[in-house]
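Q: Can you walk me through the charge pairs and a bit of helix packing in this one? I'd like the cut-offs as we go.

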Amino acid sequence: MLAVQRSAVVPDSLSVPSNAPEHCPGTESELAGKADACNGCANQEICASNTPKGPDPALPLIRDRMATVKHKILVLSGKGGVGKSTFTAQLGWAFAADDQIQTGVMDVDICGPSIPTIFGVALEQVHSSSSGWSPVYVQDNLGIMSVGFMLPSSRDAVMWRGPKKNGLIAQFLKDVDWGDLDYLVIDTPPGTSDEHLSVVQYLKESGIDGAVLVTTPQEVSLQDVRREIDFCRKVGIRVLGLVENMSGFVCPGCKTESQIFKPTTGGAERLAKETGIQLLGKVPLDPRIGKSADYGVSFLDEYPDSPASDAYLDIIDKIKKILGSESAS
């Protein structure tokens with residue numbers, strides 16, 4: 001069943017108890033204890049009372065943990081299958097190519113965690129210490145965290161309702177010992193649901209530098225990206241720019257480019273003009289991108305001469321300049 005929300009209201013996922021039913025309005029809502037979803041909930045009487053509700057105890061812990069993270073970037077897509085996680089991985093690889101830059105990648109695509117596979121560490125496990133959970137390190141300056149490390153096998157489905165997802169995201173932010181990071185790249189699932197709301201609300205005090213929106217050229221993908229842009233504007237996240245993925249196909253042999261997914265309505269370029277958002281770049285199809293993801297290696301390192309590598313690096317340089325110029329000022 002899909003939850004229908006009024007477009008003007010953004011639920012506060014931080015105020016949802018861990019044992020709440022699906023579609024809980026949150027303890028801070030005027031409908032707390034009164035909505036249809038509250039019937040039968042163990043918290044209904046408390047929520048409906050006028051007892052003052054304190055702040056979420058996780059917030060100060062998250063604020064303290066995130067104090068050592070300079071830049072936080074969300075990677076979003078309205079539609080699944082557009083290459084968002086692959087782009088996240090290339091962004092992480094590119095940042096970490098500089099030995100002086102400490103990079104973290106947090107995978108909050110809880111029902112479809114692909115980041116461990118793309119980075120080649122799917123068989124690793126999370127370890128804990130007195131300072132918290134340790135990220136899984138791909139290299140000395142590149143650590144990642146994903147629910148994929150906690151599953152008994154890659155075939156196990158994650159069937160969680162919103163409150164349990166929210167709880168794990170809070171743990172990733174407050175309990176993971178990220179250390180001093182220059183960049184924390186957060187890979188999100190498609191759409192605008194629990195995971196997105198949780199990340200936004202939990203990082204409200206710490207601040208999110210912005211979001212990169214990934215799309216493909218066809219209108220069916222662009223429609224969902226428009227909704228993603230609307231989401232970002234409603235919750236106050238700045239959109240750093242658009243990335244058009246699978247933008248043409250480049251033959252690895254002759255380097256000739258042809259259009260596989262034609263931009264019938266103008267693609268990301270037209271959308272960028274309509275919305276006033278920067279088009280960061282277009283990444284052409286290269287079958288070796290998928291091969292690199294399957295084998296868990298950096299496409300940028302394996303195929304530096306590919307036009308797709310040039311496009312990735314150009315986009316990533318633009319993101320660095322946007323964030324770097326702000327840090328300097």
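A: Sure: a salt bridge here is a side-chain nitrogen of Lys or Arg within 4 Å of a carboxyl oxygen of Asp or Glu. This is a predicted model, where local features need pLDDT of at least 70, side-chain atom pairs count only at pLDDT 80 or more, and totals for chains, interfaces and linings use all residues. Residues are numbered from 1 along each chain as its sequence is written, and side-chain values use heavy atoms, with hydrogens and water left out.

Q: How many salt bridges does the count come to?
A: By that rule, 14 salt bridges.

Q: What does Lys 282 form a salt bridge with?
A: Glu 269, with the closest N and O atoms 3.0 Å apart. Lys 282 lies in strand β11 (residues 279-285) and Glu 269 in helix α8, so the pair ties together parts 13 residues apart in sequence. Helices (H or I, at least four residues) and strands (E, at least two) are DSSP runs, numbered from the N terminus.

Q: Is Lys 282 buried or exposed?
A: Lys 282 is partly exposed, at 36% relative accessible area; buried means under 20%, exposed over 50%, partly exposed in between (1.4 Å probe, protein chains only).

Q: Which residues are linked in a network?
A: Lys 79, Asp 224 and Arg 227, through salt bridges.

Q: Switching to packing, which residues of α2 meet α5?
A: Ala 58, Leu 61, Ile 62, Arg 65 and Met 66 in α2 meet Ala 170, Leu 173 and Lys 174 in α5, contact meaning heavy atoms within 4.5 Å.
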